[in-house]
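This report looks at how the helices of one protein chain pack against each other and at what surrounds a few of its residues. Please have the sequence and the model at hand while reading.

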Amino acid sequence: MEITLNNGLKMPIMGLGVWRMEGKSIRDLLINAIKIGYRHFDCAADYQNEVEVGEALAEAFQSGLVKREDLFITTKLWNSDHGHVSEACKNSLEKLKLDYLDLYLVHFPVATKHTGVGTTGSALDDEGVLEIDTTISLETTWHAMEDLVSKGLVRSIGISNYDIFLTRDCLAYSKVKPAVNQIETHPYFQRDSLVKFCQKHGICVTSHTPLGGAAANTEWFGSVSCLDDPAIKALAEKYKKTVAQVVLRWGIQRNTVVIPKSSKLERLEENFKVFDFELTKEDMESIKNVDRKYRTNQPAKFWGVDLYA
């Protein structure tokens with residue numbers, strides 16, 4: 001199942017996020033994911049594992065398991081490289097062992113102090129507050145992203161963690177429209193206005209936290225997971241599916257791309273089995289009613305400043 005982007009290219013509606021995947025386990029996870037049927041992989045320079053992902057992809061190509069053109073590979077520009085977009089993209093391509101990216105995203109709408117291409121540092125001042133670079137505008141960054149398309153380094157470009165105001169601005173100053181806005185959205189943080197705004201203007205929404213972060217965000221940020229919600233648990237029993245499968249199916253039926261993360265083979269298989277059932281309109285509405293406007297991903301913990309305030 002795919003979504004057609006505003007440039008005519010197709011993006012699988014189910015992907016695998018590689019955040020917090022480490023070391024040698026990445027190879028087995030990616031190879032197994034491809035065997036299960038995953039064709040969309042979501043990476044980022046900041047995840048510090050592009051080299052390992054690249055090695056796994058190269059093995060998959062060389063063994064004949066899959067062809068490059070069969071996969072949709074996304075990675076992201078880190079905050080500290082807004083003034084070095086071309087170099088950062090080429091650095092990611094080299095690590096991933098790829099000639100082109102299917103999608104390159106601006107990871108966060110903020111430029112920070114440059115720490116060296118590909119180092120993805122988040123420099124803090126003496127008070128532990130993120131060193132924000134006020135000399136580089138998001139418009140400047142975007143035009144550099146557009147150059148990557150004309151150079152053939154990337155096929156699509158997009159944004160990530162942009163609100164309605166920033167997305168509107170990007171639409172106004174862009175020559176190449178953003179194909180995707182990747183945001184946190186799940187039953188406890190539905191952001192219906194932002195999702196509908198993007199879709200109205202031809203921007204595909206990808207949910208980078210489709211299960212509400214689950215164990216990962218609970219561990220890092222102490223957040224509550226929508227997977228424990230009684231109403232969603234009841235629906236899982238009704239459809240004889242897991243709670244995660246119901247939540248992913250809800251995301252798909254909103255016409256958003258979902259990229260759940262898992263380091264367990266059984267979870268990879270489980271998350272992919274969401275195309276053999278459909279939630280009724282009434283059940284979609286019941287999930288809509290559990291919205292708490294609750295953000296689980298809180299980078300302020302590391303940056304000393306709440307950029308969402």
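The text below deals with a predicted model, and it goes from the nonpolar cores to helix packing and then to single residues.

## Nonpolar cores

The largest nonpolar core holds 79 residues, and the members that touch the most others in it are Leu30, Phe41, Tyr104 and Met145. The greatest contribution to this core comes from helix H9, residues 243-253, which supplies 7 residues. Apart from this core lies another one, made of 8 residues, including Ile183, Leu194, Phe197 and Val205.

Phe41 can be followed further through its contacts. When neighbours within four places in sequence are left aside, Phe41 is in contact with Leu16, Leu30, Ala33 and Ile34, and also with Leu71, Phe72, Ile73 and Thr74. One of these partners, Ile34, belongs to helix H1 and counts as buried, at 2% relative accessibility. Ile34 in turn is in contact with Arg39, Phe41, Ala60, Leu65, Val66 and Leu71, again leaving aside its neighbours within four places in sequence. Ile34 and Leu71 are 37 residues apart along the chain, while their C-alpha atoms are separated by 9.1 Å.

## Helix packing

Two packed helices are described by the angle between their axes and the distance between the axes. The table sets out these two values for three pairs of helices.

| Helix pair | Angle between axes | Distance between axes |
|---|---|---|
| H1 and H10 | about 30° | 10 Å |
| H1 and H2 | roughly 45° | within 9 Å |
| H2 and H3 | about 45° | 7 Å |

Helix H1 spans residues 25-36 and helix H10 residues 265-272, and their axes pack at an angle of about 30°. Because angles under 35 degrees count as roughly parallel, H1 is roughly parallel to H10. The crossing in which H1 passes H10 is right-handed. On the H1 side the meeting residues are Leu29, Asn32, Ala33 and Ile36, and on the H10 side they are Leu265, Leu268, Glu269 and Phe272. Sorted by class, the contact of H1 with H10 comprises 6 nonpolar residues, 1 polar residue and 1 charged residue.

How is H1 placed against helix H2, residues 50-62, whose axis it crosses at roughly 45°? The angle makes H1 oblique to H2, and the crossing of the two helices is right-handed. H1 takes part through Ile26, Arg27, Leu30, Ile31 and Ile34, whereas H2 brings Glu52, Val53, Ala56, Leu57, Glu59 and Ala60 to the contact. The classes here are 8 nonpolar and 3 charged residues, with no polar residue in the contact of H1 with H2. Leu30 and Ile34 of H1, which take part in this contact, are also among the residues in contact with Phe41.

H2 also packs against H3 at an angle of about 45°, and the two helices are therefore oblique to each other. This contact is made by Glu50, Val51, Val53, Gly54 and Leu57 of H2 together with Ser92, Lys95 and Leu96 of H3. By class, the contact of H2 with H3 has 4 nonpolar, 2 polar and 2 charged residues.

## Single residues in loops and in a strand

Two residues other than glycine have a positive phi. For Lys97 the value is near 60°, and this residue lies in the loop between helix H3, residues 85-96, and strand S6, residues 103-106. For Asn161 phi is near 65°, and its place is the loop between strand S7, residues 157-160, and helix H5, residues 164-173. Asn161 counts as buried, with a relative accessibility of 10%.

Is Asn79, in the loop between strand S5 (72-77) and H3, buried or exposed? With a relative accessible area of 1%, Asn79 is buried. Not counting residues up to four places away in sequence, Asn79 touches Phe108, Val110, Ala111, Thr112 and Trp303.

Thr206, found in strand S9, residues 204-207, likewise counts as buried, at 1% relative accessibility. Beyond residues up to four places away in sequence, Thr206 touches Met11, Val180, Asn181, Gln182, Ile183, Val257 and Ile259. Of these partners of Thr206, Ile183 is a member of the core of 8 residues.

Conventions
Residues numbered from 1 in each chain as written. Predicted model: local features only at pLDDT ≥ 70, side-chain atom pairs only at ≥ 80, totals over all residues. Heavy atoms only, no water. Core = buried A, V, L, I, M, F, W, Y, C linked by side-chain atoms within 4.5 Å. Buried < 20%, exposed > 50% of the residue type's maximum accessible area, 1.4 Å probe, protein only. Helix = DSSP H or I, 4+ residues; strand = E, 2+ residues; numbered from the N terminus. Contact = heavy atoms within 4.5 Å. Axes fitted to C-alpha atoms, helices over the stretch in contact; angles between N-to-C directions. Parallel < 35°, antiparallel > 145°, perpendicular 65-115°, else oblique. Left-handed = near helix turned anticlockwise from the far one by under 90°. Nonpolar A, V, L, I, M, F, W, Y, C, P; charged D, E, K, R; others polar.
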